[in-house]
Amino acid sequence: MRRYSVFAIAREALRHHQGWGRAWRAPEPKSRYDVIIVGAGGHGLATAYYLGKNHGIRNVAILEKGWLGGGNTGRNTTIIRSNYLQDPSAALYEKARSLYESLSQELNYNIMFSPRGVMMLAQTEHEVRGYRRTARANALQGVETEFIGPQRVKELCPIMNVSGPRYPVLGALWQPRGGTARHDAVAWGYARACSDMGMDIVQKCEVTGIRTERGRVAGVETTQGAIDCDKLAIAVAGHSGRLADMAGFRLPIESVALQALVSEPIKPCMDVVVMANTVHGYMSQSDKGEMVIGGGTDGFNNYTQRGSFHHIEETVRALIETFPMISRLRMLRQWGGIVDVTGDRSPIITTTPVQNLFMNAGWGTGGFKAIPGSGWAMAELMAKGEPGPLAAAFGLDRFAEGRFIDESVAAGVAH
Amino acid sequence: MLMLECPCCGVKGEETEFTPGGEAHLKRHGPGAPDDDFEGYLFRRKNPAGVHFERWRHANGCGKWFHVARCTVTLEVFGTYPAQTTSPPADILRRIRKKRPDWEGWR
Amino acid sequence: MTGTNRIPGGLIDRDKPLGFTFNGRAFQGFAGDTLASALIANGQRLIGRSFKYHRPRGIFTAGPEEPNALVELRTGASQEPNTRATTTELFEGLNARSQNHRGSLKYDIMAVNDLFARFLSAGFYYKTFMWPKSFWERVYEPIIRASAGLGRLSMQADPDHYDKGFLHCDVLIIGAGPAGLQAALSAGRAGVRVILADEDFRMGGRLNAERCEVAGTGGATWAAAAVAELESMGNVRLMTRTTVYGVFDHGIYGALERNTDHLPDAAGAPRQTLWRIYAGRSVLATGATERSVAFGNNDRPGVMLAGAVRAYVNRYGATPGRRVAVFTNNDDGWRTARDLRAHGIEIAAVIDSRTDTAPNPFPEVKTLFGEAVAETCGRGGLREIITTGGKRISADCLAVSGGWTPNLHLTCHLGGKPVWRDDLAAFVPGNALPPGMRVAGAAAGQMTLARCLQEGDAAGRAVAEDLGRAAPAANVPKATDEPAGITALWQVKGARGRCWVDLQNDVTTKDITLSHREGFRSVEHLKRYTTLGMATDQGKTSNLPGLALMAEASGKTIPETGTTTFRPPYVPVAIGAFGAGAKGAGFKPVRLTPSHEWARDRGAVFTEAGQWLRAQWYPQPGETDWRTSANREAQTTRNAVGICDVTTLGKIDIKGRDAAAFLNLVYTNGFAKLPVGKVRYGLMLREDGIVYDDGTTSRLGENHFVMTTTTANAGLVYQRLEFARQCLAAHLDVHLISVTDGWAQFAVAGPESRALLQKIVDAGHDISNAAFPYMACGEMTVCGGIRARLFRISFSGELAYEIAVPARYGDSMIRALIAAGEPFGVAPYGTEALGIMRIEKGHPVAAELTGQTTARMLGMARMVSDKKDCIGNVLSRRPEMTAPGQPRLMGFRPVDRAQMLTAGAHFIARGAEAVTENDQGWMTSVAWSPALGHSVGLGFIARGEDRIGEVVRAWDGLRKTDIEVEIVSAHFVDPEGERLRA
């Protein structure tokens, strides 16, 4: 792999960038791999990367039906935080966040992790209590957060109207090392590193069937032919149910639309990430200058990648209450993603009824921030055949056993 | 954005008038039923990319729960019918088959 | 300053001059000008700076596709960044400024970026800024951020307001060019209810911009006559300045009308209106957008799309140059030469890249066939072009036509995929159109005027036929079928210098080649890696050329390489318009209790609970903090009598022969055997076995119950009950109605509460302890015949009642109760005192019922009857929920009574390290108990029921406290319940 650096750029600049190679190879699929991962989004690629890096498993193919990173990895609002209330969630997301801290250097790819700080606004007494409780739980979990008052909120985010007539800001749960990253770059960086380890990334290769022999996975049928494997992982947010169907089991998952929008780029006016759960809206400003805005999910099953008109109107209306000066700004793009929502709104990292078939699903609205941690935990699960400490609580069995990991206690919407 | 017609009061309205309630025609199991049935009832719900039958309530209207036959990929609504039915009406099934010839059926 | 480039003719009103300023310099234009046309008329070529390299840029188009000419419009709080000069209607006093430069527009310091362009290739930032690690956060990213963005926010609240509206019609016709106008005429004449929407302030589309003939008259004249006829029809609504920006499901369209953007001052009217249009059918007649060709330095001010040059000359009477060269790969480009000639403007040359074209119609004009423009020259603006044949041609304007791309955006909003047509070198709408949509005219790939009119007419008549109207006979005005041949040309071979594809985001042909080389080959990767098409013009002029260049690099055809697709909005829409609706305090209305006015007059401090405003405490003179007031209120209640408005609790009347059986289904505990005149506490689970809500239910008659719910869940519980009634137990004879707002309800609590109520309740109703014991209820009259319901229930743990009267008597009731209580020293109490007393009694509320709480955790496992079915019964017995070691709700008191407890503290064993592994539970609620004189808390702790008397630590990492606490019963006050039975 060609190492990226400022010197490499300088050298290339002098010869008109003729010397750059492909960021990742584009091989034909082989007939057999030790591991096949379905879905070349952040989770699938990170799983492959840590399989190679942590467990030495490198005969791996990652199959993608469309283009790499084209699912929710490329459609989210790029927020990274780990200020969760429940212990298993905090552990998993904090693992992810801490891996993000040095991911650019590790992958030799600038994913632009930007720990500008994330604040979750408390705009009702109920939220104040909830976030104070979370801050105390985080203190025990070793997640660095604090509960800050409205004055500090205003200092950190001067464009906010903290004394609005309807929902004044009463305080906020503040995670100074939360932030954002360049979502596409996360997928591209992992892809490049996987390719460099000899793994095959195959785009435009849709899995059409899963072959099993005596309850054990044997391979997949794809639009580019049948491929055998010892172990199979599925990481296809938005389509997990369909893949599970192919393997003959059903998941506790419903797919719903989540919407987001970006504004036209403007000169910097907001440095932190702000989430306002009372009004179901969140906003940050990208390095390009666009305001990135997200809302809550619709309440009904939806595979259209577009959400309800009124839903996004509500989000925007709410944000204008808190940020009256964004009103004259224009919305540039609006889009929806399909997210998989589980019974307790927490993800699933699990073995399945089919032996050697592993599932990574149900991230709801919070998948992007988890990518490195999820990949780490999933790789461990696949390599050892049983979950390590990070994944242990997120098994499929928790629904039958009644062991929920419900975050709604602390947040109206979980992003 | 969905437009639905409440089969109980006949009013056609947009989705803000209604509240979604998940998969329709689920059989609730009582005590003594195997755990698995209950788990299926609650957690292992259908999540098809295509024809789906679901419950909605005319919350800002007559208050009645009813069923909707809908496509989750195009948001096309095939019909609505009362909640007190154990299976979709034949005319709605016919309509779906006409528009989705390769549909595998509702059960 | 006078208009140096003003020429005769056009559709501007020369009797109405308008003064405006650009970068502080005063100019004059006319009514009917856009800011762009007025700037062109005044010879202003340099308008702005590009995003990345800060290249000087001029006006490139005459419409919403404009990538370059973006300005900050208006001043102060009304400042609007990134506003396209090409669609900004000129008004008196308009103030515009160029953006994205440091120093003056002409001498932008940031233009230094352009010198380093070689290093700043597509995606360069992914490859660097990583060492040393700390520099990314401290140095690199701050620099990148500082140079981000184009215009600036005003940093003030938007002074304007926005409106929202709803319209219904038979057909929505989008675009009022030839096809749209003709469609509206044909449909309107048939009596169809039509809405015709156009983004321009003048209907007619390209008819206003071209020299053409329709029905024997000028195109613009015909358009004006058509508009006049449509205006006379009662069934047609014309909407100018209205952009249909999105197609939504089920025939819903989003449109933005700019009501006052063209006026100096909105004068109180809404600035813009966001329309939701419900249309059974639509006709998309949005025309087409011209595109450029990639050649060297094709971004220089003075390089302009050929159709835009015609628009400025023909419609606005303003010429972009005095010596114009035309570069085209298609027949339409020649029209520019023809029109310029007609206006007497010198033509430097016509360069047609085709070799197989018809002979030159203008023999006196210098014509180069089979050549192309290789490069342009001129500092700050075009001075000269150099052709691939090496000819140098001096020109101050270059009109470029690379062909026209149908505006099919709206056909893609519901997932439709465009299809490629080689003969047009463009995508046209595919077959999967949004339901009810027809496409007519250039949007469908019909590139001649006669065809546009014919298709418009056909679409209008087809709509009428769909609706069962007698459609009029075809009636198409006569127009010529001008030639529209094209030979695709995306980039000029032999071009010199950088060839720009996306002008705003500074994407060049080399960036696209690099993207291909590095494997970013799908359209989406191309966009994301190079930022092609991601600018505020949404790639209207660059997406297709970018795709075509990727296809060339891959050696594939364009349809093999990918397709262009679009999402809403068609043009950027002000966020304020999306947020139109209730603002400020009306954003989410609050609900007021019947005693609100009375409480407000007494100086009560309010808090919000489930959208209700509830009195939090009632400060008395001399009380400076809430704690003093709340403690006094609690003490008064415990020692004498207190009154609290509890109207906000949900109330549901349940009637029917099977009402008791129904309650048995929704509550864990049994209600069938509850006698008439008695109240019972009920626990409600979710179907998954988690506690959902609790409250009391009273049996007022054999077949009549009234249920109370928590305030926050009132609506949700009612919805669940309706679900249970209609879907789970449709066979039961039971009816429900929410009566939350129907009854004003007050808690009267304390040892003197009976004495107080005896003064209120009408004679003849015996409420003595014997006749009306704890948990009794009944209907009676109060205050001389007012219907009331009385319940002997207690949340405070004292002898207590709740009395309900029809809501309209609520205000009188609170006054009567307080008056009756004067002799006993009555005090109203708010939610804080309520909270103190419920913690002293160990009653769970929202802090305890978290959505993870089981009946067992509350010590109420036995309330889940195993003798009957109920919602949640089966799954509340799942293994993890019944396993030993579950947390249990307990009371906690500090070993050192002077110490204050905090909610959210975690329980850690003495001597153990404060880490997650040693976590035993957490404190849910705390209060300083005036009854006990020390801090008390409730909390969940593992196996709490077996650990009474044990001392653990309450560890609070937020306040940095670590307090030893003793585990005790959750019932701090009167654990035997003697007081409430007194």
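In this predicted model, Val68(B) sits across from Thr80(B), a residue of β6(B). That pair belongs to the ladder between strand β5 (residues 65–71) and β6 of chain B, where five bridges hold two antiparallel strands together. The ladder is part of an open, four-stranded sheet in chain B, which is antiparallel and reads β3-β4-β5-β6. At its edges are β3 (19–23) and β6 (77–82) of chain B, each with a partner on one side only. From one strand to its neighbour the average turn is 30°, leaving direction aside. Helix α2 of chain B (residues 90–99) packs on this sheet and touches β4 (51–57), β5 and β6 of chain B. The direction of α2(B) makes about 170° with that of β6(B). Chain C reaches the sheet too: its helix α17 (residues 714–728) lies across β3, β4 and β5 of chain B, at about 85° to β5(B).

Turning to chain A, the count is eleven helices and 18 strands. The C-alpha trace of chain A spans about 65 × 65 × 40 Å along its principal axes. Its radius of gyration is 21 Å, which agrees with the value near 22 Å for a compact globule of 415 residues. Buried residues account for 68% of chain A. Contacts in this chain also tend to bridge long stretches of sequence: of those between residues at least 6 apart, 75% join residues at least 24 apart.

Chain A splits into two domains, and each is assembled from separate pieces of the sequence. Domain 1 takes in 25–82, 85–108, 183–252 and 344–401, while domain 2 is made of 118–178 and 255–342. The two domain centres, taken over C-alpha atoms, are 28 Å apart. Where the domains meet, domain 1 of chain A puts in 29 residues and domain 2 of chain A puts in 25. On the domain 1 side, the elements giving two or more residues are β3 (79–80), α3 (87–101) and α8 (240–247) of chain A. The top contributor there is α3(A), with five residues. By class, that side of domain 1 holds ten nonpolar, twelve polar and seven charged residues.

Chain A also has contacts with both other chains discussed here. With chain B, 19 residues of chain A meet 17 residues of chain B. On the chain A side, at least two residues each come from α8, β12 (253–263), β15 (291–301), α9 (309–322) and α11 (398–401). The residues on that side are seven nonpolar, nine polar and three charged.

The contact with chain C takes 77 residues from chain A and 82 from chain C. Several elements of chain A supply at least two residues each, among them α1 (6–14), α4 (103–107), α7 (183–196) and β16 (330–342). It is α5(A) that gives the most to this side, with ten residues. In terms of residue class, the chain A side comes out at 37 nonpolar, 18 polar and 22 charged. There is strand pairing across the chains as well: β16(A) and strand β31 of chain C (residues 573–574) run antiparallel and are joined by two bridges. In this pairing Met331(A) stands opposite Val573(C).

A few backbone details deserve a look. Chain C has a cis peptide bond between Trp131(C) and Pro132(C), with omega at about -20°. Pro132(C) falls in the loop that links α2 (112–115) to α3 (133–146) of chain C. Another cis bond runs from Pro568(C) to Pro569(C), with omega near -5°. Pro569(C) is in the loop between α12 (558–561) and β31 of chain C, and β31(C) is the strand bridged to β16(A).

Positive phi values turn up in non-glycine residues too. His17(A) has a phi of about 60° and is placed in the loop between α1 and β1 (32–38) of chain A. His17(A) counts as buried because 21 C-beta neighbours lie inside 10 Å. Met155(C), with phi near 65°, belongs to the loop between α3 and β8 (162–174) of chain C. Here there are 11 C-beta neighbours inside 10 Å, so Met155(C) counts as exposed.

Key: Residues numbered from 1 in each chain as written. Chains lettered and ligands numbered in written order. Predicted model: local features only at pLDDT ≥ 70, side-chain atom pairs only at ≥ 80, totals over all residues. Domains from an automatic or database assignment. Contact = placed C-beta atoms within 7 Å. Nonpolar A, V, L, I, M, F, W, Y, C, P; charged D, E, K, R; others polar. Pairing = 2+ DSSP bridges. Rg over C-alpha atoms; globule rule 2.2 N^0.38 Å. Buried ≥ 20, exposed ≤ 12 C-beta atoms within 10 Å, placed from the backbone. Axes fitted to C-alpha atoms, helices over the stretch in contact; angles between N-to-C directions.
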